[in-house]
Amino acid sequence: MAGKPVLHYFNARGRMECIRWLLAAAGVEFEEKFIQSPEDLEKLRKDGNLMFDQVPMVEIDGMKLVQTRAILNYIATKYDLYGKDVKERTLYDVLGLKACATTARRWLSSERPPSSSLLMAAYPVGIDVYTEGILDLTEMILQLVICPPDQREAKISLAKDKTKNRYLPAFEKLMKVLKSHGPDYLVGKRLTRVDIHLLELLLYVEELDASLLNPFPLLKAFKSRISSLPNVKKFLQPGSQRKPLMDAKQVEEARKIFKF
Ligand SMILES: COc1ccc(CSC[C@H](NC(=O)CCCN)C(=O)NCC(=O)O)cc1
């Protein structure tokens, strides 16, 4: 029986936090080995543990995985958080594939323009597309803490604009379609990685500016619903391995360790 996964990173969110979230949501206990100095990082490199001389690195099932999104893919697959089949990963519509064909036919024969909800339902997207969009905005927000002070105001303004006008509207519209079809989850009829990634993102959006969520009642309801799942609720409790917003001291620590 393999031991617990071991996460190698420094003691902050950075590029490891989404991995902590996914393991916690899967109910998987994990250990953390914190990199506290450039020498710690150098030792991992010299021991041949880091394919690209970078972290995050997760020891799991006898492997030393690097690259955040590759690690997430492995964890999601292993703990059945990646949907029930390739369709849910790639092309998932709440009305079923037939809707896509119907929409296309209607559109082509211009009987009547397809409804926006049917269009949304027929969008050829699934877990992988949602995940990439969510992680793109997550990265944009996480980077705010380490961007140069003279760029911070502009980057915060850009992140808020993208949040409000690009990403959250897309997910709120999807929630509207889902609402009329019952499932509590973004894809399929059970929890997948995309629910966890979206919850994590919504918490960062709330941290950035809670008013950003006001125009999106369905996303606020989603946040409450997923936050109340037992494993997630436990991870949200004080004292869990979830990391707080980085402070100036931690940013300096990261610069020293990773030399950026
Ligand atoms: C948002 O906060 C942070 C804090 C630290 C980091 C640095 S993460 C450590 C870095 N890893 C990567 O850049 C991985 C990218 C893989 N696509 C690292 O290991 N840097 C050392 C180096 O690149 O030499 C990033 C965001």
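Over the ring of which residue does the charged end of R193 sit? In this predicted model, the answer is Y82, with the charged end of R193 placed 4.9 Å from the ring centre. R193 does not have that ring to itself, as the charged end of R89 also sits over Y82, here at 4.0 Å from the centre.

Stepping back to the whole chain, the fold is built from 12 helices and 4 strands. Of its 260 residues, 45% count as buried. The accessible surface comes to about 13500 Å², and carbon and sulfur atoms account for 55% of that. Long-range contacts feature heavily: taking contacts between residues at least 6 apart in sequence, 68% join residues at least 24 apart.

As for annotation, an unreviewed UniProt entry places the feature "domain: GST N-terminal" at residues 3-83. Over that stretch the chain is 36% helix and 20% strand, and the C-alpha atoms at the two ends lie 26 Å apart.

Helix α9 takes in residues 193-209. With 17 residues at 1.5 Å a residue, α9 should span 24 Å, and the 24 Å between its end C-alpha atoms agrees with that. This helix is mostly covered, with 13 of the 17 residues buried. For context, residues three or four places apart in an α-helix point the same way, because there are 3.6 residues a turn.

Next come the aromatic rings. The count of aromatic pairs comes to 5. One of them is formed by W21 and F235, an edge-to-face arrangement with 5.0 Å centre to centre and 80° between the planes. That pair ties together distant parts of the chain, since W21 belongs to helix α1 (residues 17-25) and F235 to helix α11 (residues 230-236), 214 residues apart. Both partners are tucked away: W21 is buried, with a relative accessible area of 2%, and F235 is buried too, at 6%. Elsewhere, Y9, F10 and F258 come together as one aromatic cluster.

The loop between α2 (38-46) and β3 (57-60) deserves a closer look, starting with N49. Is N49 buried or exposed? N49 counts as buried because its relative accessibility is 11%, which falls under the 20% cut-off. Setting aside neighbours within four places in sequence, N49 is in contact with L44, M57, K64 and V66.

That loop also holds some backbone oddities. Most residues other than glycine have a negative phi, and most peptide bonds are trans. D53, found in the loop between α2 and β3, has a positive phi near 60°. Unlike the buried N49, D53 is partly exposed, with a relative accessible area of 38%. A little further along, a cis peptide bond joins V55 and P56, with omega about 10°. P56 likewise lies in the loop between α2 and β3.

Another positive phi turns up at Q67, where the angle is near 75°. Q67 sits in the loop between β4 (63-66) and α3 (68-78). At 40% relative accessibility, Q67 counts as partly exposed.

Definitions and conventions. Residues numbered from 1 in each chain as written. Predicted model: local features only at pLDDT ≥ 70, side-chain atom pairs only at ≥ 80, totals over all residues. Heavy atoms only, no water. Buried < 20%, exposed > 50% of the residue type's maximum accessible area, 1.4 Å probe, protein only. Contact = heavy atoms within 4.5 Å. Areas by Shrake-Rupley, 256 points an atom, 1.4 Å probe, with all protein chains shown as cover. UniProt positions renumbered as here; feature names shortened; annotations may be inferred. Expected span 1.5 Å × (residues − 1). Phe/Tyr/Trp six-rings, centres within 6.5 Å; stacked < 30°, edge-to-face > 60°. Lys NZ or Arg CZ within 6 Å of the ring centre and 35° of its normal.
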